[in-house]
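Reader: I would like to learn how to read strands, cores and pockets in a model of this kind. Could you take me through the features in turn, giving the general idea before the case at hand?

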Amino acid sequence: MTLATSSARVPLDRAERLLHKLCHHFAIKVAVTEADGWQHVAFPYGTCRLRAEPELLVLEAEADVETDVDALRRVEAVVGQHIELFTRKQGAVTVDWSTAS
């Protein structure tokens, strides 16, 4: 198994509220659990850990790229697009992922 990881820090006024909204939405289709202050979203192709800090949403994505080279990008795209969708009334919110080296 070859795991690839990436992370993002998204400045938001209401990060805690968005975290709750995202997890509730994702839980309709995939498993969402909480551990050690993080919310864990388990997609079929990878996982994303989310945590709210004051005015900041912290994201950590992980996927096995040995069997699916696009898996990490899918996790990033799904989470990022949902954040952008749920914050569209606040103006332009962009999720910029950084890949771990």
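Reader: How many residues lie between E3 and E4 in their hairpin?

Author: A word on the source comes before the answer. This is a predicted model, in which local features need pLDDT of at least 70 and side-chain atom pairs count only at pLDDT 80 or more, while totals for chains, interfaces and linings use all residues. Residues are numbered from 1 along each chain as its sequence is written, and side-chain values use heavy atoms, with hydrogens and water left out. Strands (E, at least two residues) and helices (H or I, at least four) are DSSP runs numbered from the N terminus, and two strands pair if DSSP finds at least two bridges between them. In this structure, the hairpin of E3 and E4 has 2 residues between its strands. E3, residues 38-43, pairs with E4 in the antiparallel sense over 5 bridges, and His-40 has Arg-49 in E4 as its bridge partner.

Reader: Which strand does E4 join through 7 bridges?

Author: That strand is E5, residues 56-64, which runs antiparallel to E4. Leu-50 has Leu-59 in E5 as its bridge partner. The hairpin of E4 and E5 also has 2 residues between the strands, and in it Glu-55 takes a positive phi near 60 degrees.

Reader: In what order do the 6 strands stand in the open sheet?

Author: The order is E2-E3-E4-E5-E1-E6, with antiparallel pairing. The edge strands, each pairing on one side only, are E2 (31-35) and E6 (98-99). E2 pairs with E3 over 5 bridges, in the antiparallel sense, and Ala-31 stands opposite Ala-42 in E3.

Reader: Along E4, which side chains are buried?

Author: Burial is read from relative accessible area: buried means under 20%, exposed over 50%, and partly exposed in between, with a 1.4 Å probe and protein chains only. Along E4, residues 46-53, the side chains alternate, so that Gly-46, Cys-48, Leu-50 and Ala-52 point to one face and are buried, whereas Thr-47, Arg-49, Arg-51 and Glu-53 point to the other and are not.

Reader: Why is there no bond between the sulfur of Cys-23 and that of Cys-48?

Author: A disulfide is a pair of cysteine sulfur atoms within 2.5 Å. The closest cysteine sulfur to that of Cys-23 is in Cys-48, and because it is 8.9 Å away, it is too far for a bond. By this rule the count is 0 disulfides. Cys-23 is buried, with a relative accessible area of 9%, and Cys-48 counts as buried at 1%.

Reader: Which residues touch the most other members of the largest nonpolar core?

Author: A nonpolar core is a set of buried Ala, Val, Leu, Ile, Met, Phe, Trp, Tyr and Cys residues joined through side-chain atoms within 4.5 Å. Of the 28 residues in the largest one here, Phe-43, Cys-48, Leu-57, Leu-59, Val-79, Ile-83 and Trp-97 touch the most other members. E1 (3-11), H1, E3, E4, E5 and H2 each supply at least two residues of this core, and H1 gives the most, with 6 residues.
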